[in-house]
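This report goes through one protein model, from annotated spans to single residues. The sequence and coordinates come first.

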Amino acid sequence: MPQRLLHFTPLPTDSADHHALPDRFTFPYYYTPNKTCELAMLDLQSRLQVAGVDTDSFGQLYAVLLTQDTATGELGYLAAHGGLALDESLVVSLSSIEFVPSAFEKTQYELECRSLIDQVTEQAKQIETFEQRHNLAELNAKLESSKEQAATEIANSQKQMAANKAQRDALRANYEASIQSSSDNSENTVGNSGLLKQLGAASSQEKRDLKALRIQWKQAIAELQSNIDSIDTTLRDQRQQHSELSAQLEEQRLSHYHFLNASNQTKSLLELLNGKEALQGSGDCCLPKLLNFAFKHSLKPLALAEFWWGRPPHQEIRQHGNLYPVCQSRSFEILEHQLEGIELEDNPLIVNPAVGKQFDIVYEDNEIVVVNKPAEFLSVPGKFIEDSVYSRIKTRYPDATGPLIIHRLDMSTSGLLILALTAESNRHIQKQFIERNVEKRYTALLDGDIKGEGGDINLPLRGDITDRPRQLVCHQYGKKAETHWQVVRRSDGKTKVHLYPKTGRTHQLRVHCAHPDGLGTPITGDDLYGYKRDRLHLHAGYLKLVHPTTGEWVEFEVPSEF
């Protein structure tokens, strides 16, 4: 009996009987999992549960790759976890689950690059030691303090000189008056000539003292500045050397990731990136590891399912047990190589979702047009799809001037969108949006029964550069984002709310609803921060602003369909 391939988990023989196997591989960036692959995913999830990994455990992405042994035809799956290694708290718990190895040749890397690794480490220690020995922050503070002290002492000296000069001027004035009133001018002149010399000498001495004080402080400050410049130059040189060594080491690290494709061609991550900077986690995502192992062991990849398991990280929004697409930002170049020659399912991201859809004109005049945009309809042309509110309005109003678009709604969000037909109206209304004078109200249906009846959410946001277009909650670098909310009704375990954004950040309402520090419940149908449904249940239902030509307030309202 042949020995079972390590890491390959066979499926029960009847697993595929009720579900046809896919004839094309999963499009990795947006997909619904094949039913047989879903069975494999459920099997891995049950193993995670048996191992004691649950919603309170450290969370991360896991994936299954449905495969078929090309020699025997046996159906099974491979399992992988995101990242180079498991969190230490999970190592023992998950030791019974056979995850495929990383494509990173760690042992070879450490063996070949030991000297360079040691140099980078030693250089970092030297920089740290030098920084501790020469505290630049402390020296700069001392320099600023010396400058302030110098300015104070010189100013005080000048102030005292001015007072002394006033006294001398008074003495000279008295002397001149006494000469004019004296009957014996020559005697008076001789008697007071000594006084004039003393006053002149005092004035000269004070000027010399001020000059000496300035020279003294100039030298002291110059010495401090010279010392700081010398330390700064040394540090800059050391950091430059460290940066150059680190760059060499990074090239070596990337060159020790090797990825196979179906044609048995191997390329390193360094070759695949071709000069592009590697994002954190590049090379360690689930699918590249799974495909690498499959090709290496003559297993035919059939389908993919990737999911989050465990508690979410604080910045990101991940739902326990929820499916997720492959991170395109980290894996695109690798998968372009690995999936070469493999037929993929159609890319749904290039299919126009607005085909057959129309939008209602809520209001129009010579200056503005207000439309009710359907869900899954672009506000402006996208990378692959031209059809949008903008393109259709441009066709409807060919003589319109200006850029038309003033604000946007996410493709998945329905509701009111205002466009300006003239450049002047565009500037006028855009200014109202920038100054936050436009009143906006959204309606959302949430996937749970939330606590409270209303309140404010203040969670700063920034883009996740490693997983666009997702947004992160980031108190250190995020931009201010504020939302007021009110409950409209509760029914069937869901909550309908009104949302009033005070700022206009990307995905603000979606993140503020889904994040644990916000409402803690995703919007129904949110495929980024919640669970995929027929549509995103978010609707821009109310707008109030000043008309650009009449100067009067105008308001528009379209109720949601949910």
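The text below covers annotated spans, ring contacts, an internal cavity and some backbone features.

The model is predicted: local features need pLDDT of at least 70, side-chain atom pairs count only at pLDDT 80 or more, and totals for chains, interfaces and linings use all residues. Residues are numbered from 1 along each chain as its sequence is written, and side-chain values use heavy atoms, with hydrogens and water left out.

## Annotated spans

The UniProt record, an unreviewed entry, lists a "coiled-coil region" at residues 136-174 and 207-255. The same kind of record places "domain: Pseudouridine synthase RsuA/RluA-like" (unreviewed entry) at residues 368-515. UniProt positions are given in the numbering used here, feature names are shortened, and annotations may be inferred rather than shown by experiment. Helices (H or I, at least four residues) and strands (E, at least two) are DSSP runs, numbered from the N terminus. The table gives the content of each span and the separation of its end C-alpha atoms.

| Span | Helix | Strand | End C-alpha separation |
|---|---|---|---|
| residues 136-174 | 100% | 0% | 57 Å |
| residues 207-255 | 100% | 0% | 70 Å |
| residues 368-515 | 18% | 34% | 36 Å |

## Ring contacts

The structure holds ten aromatic pairs. Among them, F104 and Y109 form a tilted pair, with 5.3 Å centre to centre and 55 degrees between the planes. F104 is buried at a relative accessible area of 12%, and Y109 is buried as well, at 10%. The pair of Y257 and F259 is stacked because the ring centres are 6.3 Å apart and the planes stand at 10 degrees. Both Y257 and F259 are buried. Rings of Phe, Tyr and Trp (its six-membered ring) pair if their centres lie within 6.5 Å; planes under 30 degrees apart count as stacked, over 60 as edge-to-face and the rest as tilted. Buried means under 20% relative accessible area, exposed over 50%, and partly exposed in between (1.4 Å probe, protein chains only).

One aromatic cluster is made up of Y62, F99, F307 and W309.

Charged side chains also meet rings. The charged end of R318 sits over the ring of Y324, 4.8 Å from the ring centre, and K544 lies over the face of W553 at 5.4 Å from the ring centre. A charge sits over a ring if NZ of Lys or CZ of Arg is within 6 Å of the ring centre and within 35 degrees of the ring normal.

## Cavity

Rolling a probe the size of a water molecule over the atoms shows where empty space is left. Here a cavity is a set of points, on a 1 Å grid over the protein atoms alone, where a 1.4 Å probe fits but cannot get out; lining residues have an atom within 4 Å of a point. Grid points are joined across faces, edges and corners, and a volume is the space filled by probe spheres set on the points.

The count is one cavity of 30 Å³ or more, and the largest cavity holds about 30 Å³ of space. Its lining consists of L273, K276, E277, A278, L279, S282, S329, R330 and E333. Helix α9 (residues 328-338) gives the most to this lining, with three residues. By class, the lining has three nonpolar, two polar and four charged residues. Ala, Val, Leu, Ile, Met, Phe, Trp, Tyr, Cys and Pro count as nonpolar, Asp, Glu, Lys and Arg as charged, and the others, Gly among them, as polar.

## Single residues and backbone

D399 lies in the loop between α10 (389-396) and β9 (414-420) and is exposed, with a relative accessible area of 73%. The C-alpha atoms of D399 and T422 are separated by 9.3 Å, at 23 residues apart along the chain. L419 belongs to strand β9 and is buried, at 0% relative accessible area. Between the C-alpha atoms of L419 and G283, 136 residues apart along the chain, the separation is 44 Å.

Most residues other than glycine have a negative phi, and most peptide bonds are trans. R468 and P469 are joined by a cis peptide bond, with omega about 5 degrees. P469 is placed in the loop between β12 (461-463) and β13 (471-473).

D492 has a positive phi near 50 degrees and is not a glycine. This residue, D492, occupies the loop between β14 (482-491) and β15 (494-501) and is exposed, with a relative accessible area of 79%. H507, also not a glycine, has a positive phi of about 60 degrees. H507 is in the loop between β15 and α12 (508-514) and counts as buried, at 9% relative accessibility.

Conventions
On a 1 Å grid over the protein atoms alone, a cavity is a set of points where a 1.4 Å probe fits but cannot get out, and a pocket is an open set with protein on both sides within 12 Å along at least five of seven lines; lining residues have an atom within 4 Å of a point.
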